[in-house]
Amino acid sequence: MAQVTITKIFDGPKSAVMHVSLLGDGSGDLTDAILIDPAQSFDPALKAKPLLTVEQLWYDFSGFSARLEFDDLVSDTPVWTMSGSQAAHVDFCDFGGLKDRSGELDGLGKLKLTTSGFIGGSFGTLIIKVRKT
């Protein structure tokens, strides 16, 4: 199975920063890999409901693309698409960030990653800054 290593860089009362390292092993694309789960990723844990807002992303992917989505019981809520073979920094703060728009009763609050073209030898890094409220 592909290696996904998530390291919490910062976990404050209002925001958090996660570092995600990706390494393909030939087993194929990641589908709905959970990067942030409010009930498990923070100390203290947050309620499992839609409340996270993605404020900034930094990423560098070698030969694959990816998309971020918030988990929803009905259909996942798209957040952002990251093109392969390039590095980028995207700041969404000018317009308040990208909020989890999942329904209150259906949203689980988890931020997930799905890849395309993630083969053996693929690797990448993603840094995510989220607001918790």
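In this predicted model, a good place to step in is Gln56, which stands opposite Asp91 in strand 7. That pairing belongs to a longer run of contacts between neighbours: strand 4 and strand 7 (residues 86–91) are antiparallel and share six bridges. Let us stay with strand 4 for a while and see who else lies alongside.

Strand 10 (residues 123–131) also runs antiparallel to strand 4, and nine bridges join the two. Within this pairing, Tyr59 is found opposite Leu126 of strand 10. Strand 8 (residues 98–99) is another antiparallel partner of strand 4, with two bridges between them; here Val54 faces Leu98.

How enclosed is strand 4 by the rest of the structure? Seven of its 10 residues (residues 53–62) are buried, so strand 4 is largely enclosed. Thr53, which has its place in this strand, gives a good example. Because its relative accessibility is 0%, below the 20% cut-off, Thr53 counts as buried. Leaving aside residues up to four places away in sequence, Thr53 touches Gly96, Gly97, Leu98 and Lys99, and also Lys129, Val130, Arg131 and Thr133.

Moving along the chain, we come to Phe64, in the loop between strand 4 and strand 5 (65–72). Is this loop residue buried or exposed? Phe64 is buried, with a relative accessible area of 2%. Its contacts beyond four places in sequence include Leu22, Phe118 and Phe123. Ser83, Gly84 and Ser85 are also among the residues that Phe64 touches, as are Thr115, Ser116 and Gly117. For a sense of distance, the C-alpha atoms of Phe64 and Pro38 are separated by 27 Å, with these positions 26 residues apart along the chain.

Two backbone details deserve a look on the way back towards the N terminus. Most peptide bonds are trans, and most residues other than glycine have a negative phi. Against that background, the bond joining Asp43 and Pro44 is cis, with omega of about 5°. Pro44 lies in the loop that connects strand 3 (33–36) and strand 4. The second detail is Asp32, a residue other than glycine whose phi is positive, near 55°. Asp32 is found in the loop between strand 2 (15–23) and strand 3, and its 31% relative accessibility means that it counts as partly exposed.

Now step back to the whole chain. What does its secondary structure come to? The protein chain has zero helices and 10 strands, so the pattern read along the sequence is β-β-β-β-β-β-β-β-β-β. Contacts that reach across the sequence are a clear part of the picture: of those with a separation of 6 or more, 75% are between residues 24 or more positions apart.

The overall dimensions can be checked too. A compact globule of 133 residues would have a radius of gyration near 14 Å, and the value for this chain is 14 Å, which agrees. Along its principal axes, the C-alpha trace spans about 35 × 30 × 25 Å. Of the 133 residues, 44% count as buried.

Finally, consider the surface and the charges. The accessible surface comes to about 6,700 Å², and carbon and sulfur atoms make up 54% of that area. The chain carries 12 positive and 17 negative side chains, and the centres of these two sets lie 8 Å apart.

How values were computed
Residues numbered from 1 in each chain as written. Predicted model: local features only at pLDDT ≥ 70, side-chain atom pairs only at ≥ 80, totals over all residues. Heavy atoms only, no water. Helix = DSSP H or I, 4+ residues; strand = E, 2+ residues; numbered from the N terminus. Rg over C-alpha atoms; globule rule 2.2 N^0.38 Å. Buried < 20%, exposed > 50% of the residue type's maximum accessible area, 1.4 Å probe, protein only. Contact = heavy atoms within 4.5 Å. Areas by Shrake-Rupley, 256 points an atom, 1.4 Å probe, with all protein chains shown as cover. Lys, Arg positive; Asp, Glu negative; His and termini not counted. Charge placed at Lys NZ, Arg CZ, Asp CG, Glu CD. Pairing = 2+ DSSP bridges.
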